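Got the viewer open? Let's take a short walk through this one, a stop at a time.

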Amino acid sequence: MNWVLVFPIAVPFATAVFAYLARNYPAGRWISLAGSVLSLIASAALMVVVLREGVIAAQMSNWDAPFGITLVSDYLSAVMVVITAITGLATAIYALGEIPEETERLGFYALFQMLIAGVTGAFLTGDLFNLYVWFEVMLIASFSLLVIGGGKDRLDAGIKYVALNLVSTLVFLSGIGLLYGVTGTLNMADLRGAVAASDNQGLITVIAMMFMVGFGVKAAVFPLFFWLPASYHTPYFAISAVFAGLLTKVGVYALMRMFTLVFVGDVGFTHEILLWVSLLTMFTGVIGAAAQMDFRKILSFHIISQIGYMTLGLALFTPLALMGGVFYLVHHIIVKANLFFVAGLAKQYAGSTDLNRIGGLYKSAPLLAALFIIPAFSLAGFPPLSGFWAKYLIVKAAIELNMWFVTFVSLLVGLLTIYSMTKIWGYAFWKPHPDGYDPTPDRAPARVTAAMITPIAGLAAMTIIIGFFPEPFVQFAQTAAMQLLDPTDYVTTVLGVQP
Amino acid sequence: MNSIIFTAGARLLVALVFVFSLFMLLRGHHLPGGGFIGGLLGAVAFIIYSLACGPEETRRALRVSPEGIAVIGLGIALLAGLFSFFMGDPFFTGQWYWVGGDSYETAAFSINSVLVFDIGVYLVVLGGILSLTFAFEEET
């Protein structure tokens, strides 16, 4: 039981080592692919154990909590790990087609696997300082991936990205320091009791806000999101897909974890702020997207807007809302990564991501058009796709609380999302190509196109499956939300487990 | 840098610092020292060498690229953690075999997985720092 928590982290690390050593040979990319498959198996094993036992924990190095580093997984962590592995596998396949050989030789796959290891570690750790370490692993790997392959644009984006993320990390680290000073522990389960028992609740709230700012930058919420659209449109499509899918979600996950487990002393204050932040995030994101004319920039702004829905689920802080938030998190990773994959293939076919300079894809690549429709409409919340259920749960939670303004904003943002998606559809797929020629899929070797379309089709299939059979997923999200709202199980498992 | 005094001194210094870094590595865990500090000192040795003779020459002396060293170190550290799997303990639990006794006080020396981990850390730090400094030096 101990080791199912370790393998989802250890496998990508080991893969990174081997992939780096074999980076000059074709074997490197196959090692990466095999590693991603193994990661998926390892995280599926974790999921099986979690489904059977509820919450599981393991004490690293046999040092008992709260002194050692604890790895812990409840339903939320388990599903995030699985979805990370799925995204990782999809990206590993996509990269076979997209990534040129000279980038492979720089150690692309090693960095990519390192990133996956960092994300997985952040989802599994039960220790605040360890979380900071995983954030750093992620930051280093993602910065390298952002600038790999060279070019002025990438360097420019990379500098903005790393500078703002460093600020966020510093705020987070200062928060950790203060919290340790107040409570004397950094184990998250132990913190729950320690924070509640602290006689300096004012300071605790200040620290909570520091965490909100730190994680808020990572999650790209209003008004801290500006690094995201400045950087996500420059790297390789495989990379921007994995960034879009996973990186901001780590911030959302950390918010969800800390503001349900630890900082629940002054919900009226902290979660009220989060509520307004969420609404502004949703709205500014979608408005920002409306002004863009680049495929990936539109999608980047939509990440921000959708992040708002997830934090809204947390801010409303009812079982139904949190359930919606969890459901949204999972659905959005699949859909958003897929849309970036589609953008990459669209560029492959039509030659650009600037919507003014491409077109005619519906005629020349009807399969891609169909595969775009699924995640795009899911993102906008069309029934019966996965996004509909996610939005439905959030909106229903808002209605139940009689928060009509929140309901109105959620629905309005959904409507504006449709506007952006139809804009992409109209410009990239519907209108004829401005240069007058027919963009043909034959410009790349068949092997490349096959590698790129396989993950798109796979993720689209998942979107449809979640859409048509939401029942088990909704039930899962419900249990996850219950565990978040009542973390007794989490706390006793972490503090009571004797390895 | 073309100072004959520095170049001559560097030869002596490099060997001394490098041996000291290995000493620090082996001394670690029970006494101050360990992989991280040892790795830093090892990197200092090679940096002195590269200041004296240039990064080209240092790369030749290293034989393996610094990035390669770092990644191999990561692999070794991971192996040290995974070793406890076969002993039925949680990840990264130190495995100790005491020679001539049964604890730190009584045994002559020990064979343990913690040192393997430290060697991994040593290589990661050495490789990481050197790849950074080489990048800076080769830039100009």
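Of the contacts in chain B with a separation of 6 or more, what percentage do residues 24 or more positions apart account for? The figure is 65%. Keep in mind that this is a predicted model.

**Stop 1: chain B.** Select chain B and colour by secondary structure. You should find 5 helices and 2 strands. Follow the chain along its sequence and the pattern goes α-α-α-α-β-β-α, with the two strands sitting just before the last helix. Turn the chain around: its C-alpha trace spans about 55 × 30 × 20 Å along the principal axes. Of its 140 residues, 37% count as buried.

**Stop 2: chain A.** Now switch to chain A, where there are 21 helices and 2 strands. The radius of gyration of chain A is 22 Å, close to the 23 Å that the globule rule gives for 499 residues, so chain A is as compact as a globular protein of that length. Along the principal axes, the C-alpha trace of chain A spans about 70 × 55 × 40 Å. Of the 499 residues here, 62% count as buried. As for contacts in chain A between residues at least 6 apart in sequence, 79% join residues at least 24 apart.

**Stop 3: where the chains touch.** Show both chains together and pick out the contact. Chain A puts in 17 residues and chain B puts in 13 residues. On the chain A side, the elements giving two or more residues are helix H1 (2-21) and strand E1 (56-59). Select H1(A) to see the biggest contributor on that side, with 9 residues. Now colour the chain A side by residue type: you get 12 nonpolar, 5 polar and no charged residues.

**Stop 4: helix H6 of chain A.** Select residues 128-147 of chain A. This helix, H6, has 20 residues and reaches 29 Å from its first C-alpha to its last, close to the 28 Å expected at 1.5 Å a residue. Show its side chains and look for the buried residues, among them Leu128(A), Leu131(A), Trp134(A), Phe135(A) and Met138(A). Asn130(A) and Ser142(A) are also on the buried list.

What covers the buried residues of H6(A)? Add helix H5 (108-124), helix H7 (152-183), helix H8 (188-197), helix H10 (227-231) and helix H11 (237-261) of chain A to your selection, as the cover includes these helices.

**Last stop.** Move on past the end of H6(A) to Gly149(A), which follows the helix and has a positive phi, near 95 degrees.

Notes. Residues numbered from 1 in each chain as written. Chains lettered and ligands numbered in written order. Predicted model: local features only at pLDDT ≥ 70, side-chain atom pairs only at ≥ 80, totals over all residues. Helix = DSSP H or I, 4+ residues; strand = E, 2+ residues; numbered from the N terminus. Expected span 1.5 Å × (residues − 1). Buried ≥ 20, exposed ≤ 12 C-beta atoms within 10 Å, placed from the backbone. Contact = placed C-beta atoms within 7 Å. Nonpolar A, V, L, I, M, F, W, Y, C, P; charged D, E, K, R; others polar. Rg over C-alpha atoms; globule rule 2.2 N^0.38 Å.
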